[in-house]
Amino acid sequence: MVKETKLYDLLGISPSANEQEIKKGYRKAALKYHPDKPTGDTEKFKEISEAFEILSDPQKREVYDQYGLEAARNGGPAFGGAGGFRGGGFSSAGGAHAFSNDDAFNIFSQFFGGSSPFGAADDGFSYSSFGGMPGGMGGMHGGMGGGMHGGMGGGMGGMGGMPGGFRSASSPQPEEEVVPVNLSVSLEDLYTGKKKTFMIGRKGPNGAPEKTQVDIQLKPGWKAGTKITYKNYGDYNPATGRRKTLQFIIQEKKHPFFTRDGNDLIYTLPLTFKESLLGFNKTIQTIDGRTLPVSRIQPIQPSEKSTYPGQGMPIPKTPGQRGDMIVNYKVDYPISLTDKQRQAIDENF
């Protein structure tokens with residue numbers, strides 16, 4: 001019987017889970033809640049990473065099962081030597097390590113080997129948040145030990161000599177500054193999921209300007225506001241010895257014909273007053289370049305619209321499905337009428 005199940009619940013596993021089940025649970029949960037994904041949750045991602053850090057270490061897991069989360073964070077129950085854990089009891093030397101976002105990203109990077117896990121085999125994501133970084137994030141905060149100990153290897157230093165422990169058991173390092181960068185993207189590129197490659201300027205360790213290449217693989221259907229985070233890609237920060245984090249924020253370029261409403265595309269079709277009454281035959285070019293015929297033989301009402309299912313933007317969470325294209329009609333009503341036109345209208349309406 002374990003004292004609490006919170007960490008097991010975060011990974012979606014049972015308290016009797018073995019090493020492989022712990023790894024599998026972490027992989028699934030970390031990919032789901034990674035902050036770089038539109039469905040990501042930074043706080044949940046950090047909790048999941050801490051759960052894996054504890055449960056993948058046999059000693060920490062034993063402490064957690066018997067005494068709970070705080071004991072595991074402190075390295076054991078603080079019984080002051082009064083016959084507690086393993087016949088003697090012990091408390092943390094220097095207090096508990098405050099698990100940080102950087103710790104979570106380090107665990108994630110080490111688990112996936114320092115490269116982006118967001119490939120087509122996972123869930124359709126293929127942009128890189130870690131690939132190409134100096135040292136593959138392994139050099140940050142003193143690095144992570146080689147190999148994995150039950151998924152974590154020799155650990156990240158060693159708090160009290162425990163495998164999987166952190167080098168520092170005192171104050172955690174502050175989060176590196178996140179610099180937002182607006183990235184303007186056309187609707188066509190967001191439709192197809194085009195790869196964007198560009199050079200960015202930044203400051204090096206000695207303050208000299210330098211450039212580096214950034215590759216962003218857009219996912220079909222991404223919306224304005226989607227964030228893609230690149231740690232250690234910005235200006236070098238002498239105060240921390242690290243580079244700042246760049247966070248690219250998708251902005252949609254204005255399209256000459258379409259406006260976007262969620263997954264739907266709105267097209268405004270201009271009509272003459274005559275066409276609105278007598279009908280018309282026209283064509284519309286869809287977002288993917290196809291030609292769509294649009295015709296009417298009856299009068300168009302001022303507020304009327306036509307819906308074409310499946311002709312809108314891809315829906316990221318449901319691959320293969322698309323939103324709708326909605327055609328609004330804009331009638332060019334005359335601002336004045338001749339006497340002859342008035343007479344014709346009066347006689348026929």
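This briefing describes salt bridges, helix packing and a few individual residues in the structure shown above. The model is a predicted one, and its salt bridges come to a count of 14. Among the residues that take part in them are glutamate 50, glutamate 70 and arginine 73, which are joined in a network. Two of the helices discussed below, helix 3 and helix 6, pack at an angle of about 65°.

**Salt bridges**

- Arginine 73 and glutamate 70 form a salt bridge in which the closest N and O atoms are 2.7 Å apart, and both residues belong to helix 5 (residues 69-74), where they stand three residues apart, about one turn of the helix.
- Arginine 73 has a relative accessibility of 25% and therefore counts as partly exposed, while glutamate 70, with a relative accessibility of 47%, counts as partly exposed as well.
- The salt bridge between arginine 73 and glutamate 70 belongs to a network of salt bridges that links Glu50, Glu70 and Arg73.
- Further along the chain, lysine 282 forms a salt bridge with glutamate 275, with 3.3 Å between the closest N and O atoms, and lysine 282 is partly exposed because its relative accessible area is 25%.
- Glutamate 304 is paired with arginine 296 in a salt bridge whose closest N and O atoms lie 2.4 Å apart; glutamate 304 counts as partly exposed at 22% relative accessibility, and arginine 296 is likewise partly exposed at 22%.

**Helix 4 and its ends**

- Helix 4 spans residues 58-67, and its buried residues are Lys60, Arg61, Val63, Tyr64 and Asp65, a list in which charged side chains such as lysine, arginine and aspartate appear beside valine and tyrosine.
- These buried residues of helix 4 pack against four other helices, namely helix 1 (6-11), helix 2 (19-33), helix 3 (42-55) and helix 5.
- At the N-terminal end of helix 4, aspartate 57 acts as a cap, with a side-chain oxygen lying 3.0 Å from the backbone nitrogen of glutamine 59.
- Just after helix 4 comes glycine 68, which takes a positive phi of about 100°.

**Where helix 3 meets helix 6**

- The axes of helix 3 and helix 6 are 9 Å apart and make an angle of about 65°, and the way helix 3 passes helix 6 is a left-handed crossing.
- On the side of helix 3, the residues that meet helix 6 are Thr42, Phe45, Lys46, Ser49, Phe52 and Glu53, and on the side of helix 6 they are Asn101, Ala104, Phe105, Ile107, Phe108 and Phe111.
- Sorted by kind, the residues of this contact between helix 3 and helix 6 comprise seven nonpolar, three polar and two charged ones.
- Isoleucine 107, one of the residues of helix 6 in this contact, is buried because its relative accessible area is 0%, a value under the 20% cut-off for a buried residue.
- Although isoleucine 107 and glutamate 50 are 57 residues apart along the chain, their C-alpha atoms are separated by 8.8 Å, and this glutamate 50 is also a member of the salt-bridge network with Glu70 and Arg73.

**A residue in a strand**

- Threonine 212 lies in strand 3, which covers residues 209-217, and at 16% relative accessibility threonine 212 counts as buried, since the cut-off for that label is under 20%.
- When its neighbours within four places in sequence are left aside, threonine 212 is in contact with Phe198, Met199, Ile200, Arg202 and Tyr233.

Methods. Residues are numbered from 1 along each chain as its sequence is written. This is a predicted model: local features need pLDDT of at least 70, side-chain atom pairs count only at pLDDT 80 or more; totals for chains, interfaces and linings use all residues. Side-chain values use heavy atoms; hydrogens and water are left out. A salt bridge is a side-chain nitrogen of Lys or Arg within 4 Å of a carboxyl oxygen of Asp or Glu. Buried means under 20% relative accessible area, exposed over 50%, partly exposed in between (1.4 Å probe, protein chains only). Contact means heavy atoms within 4.5 Å. A polar contact is a pair of N or O atoms within 3.5 Å; within protein, one must be able to donate a hydrogen and the other to accept it, and residues adjacent in sequence count only if both atoms are side-chain atoms. Axes are lines fitted to C-alpha atoms, for helices over the stretch in contact, and angles run from 0 to 180 degrees between N-to-C directions. A crossing is left-handed if the near helix is turned anticlockwise from the far one by less than a right angle, and right-handed if clockwise.
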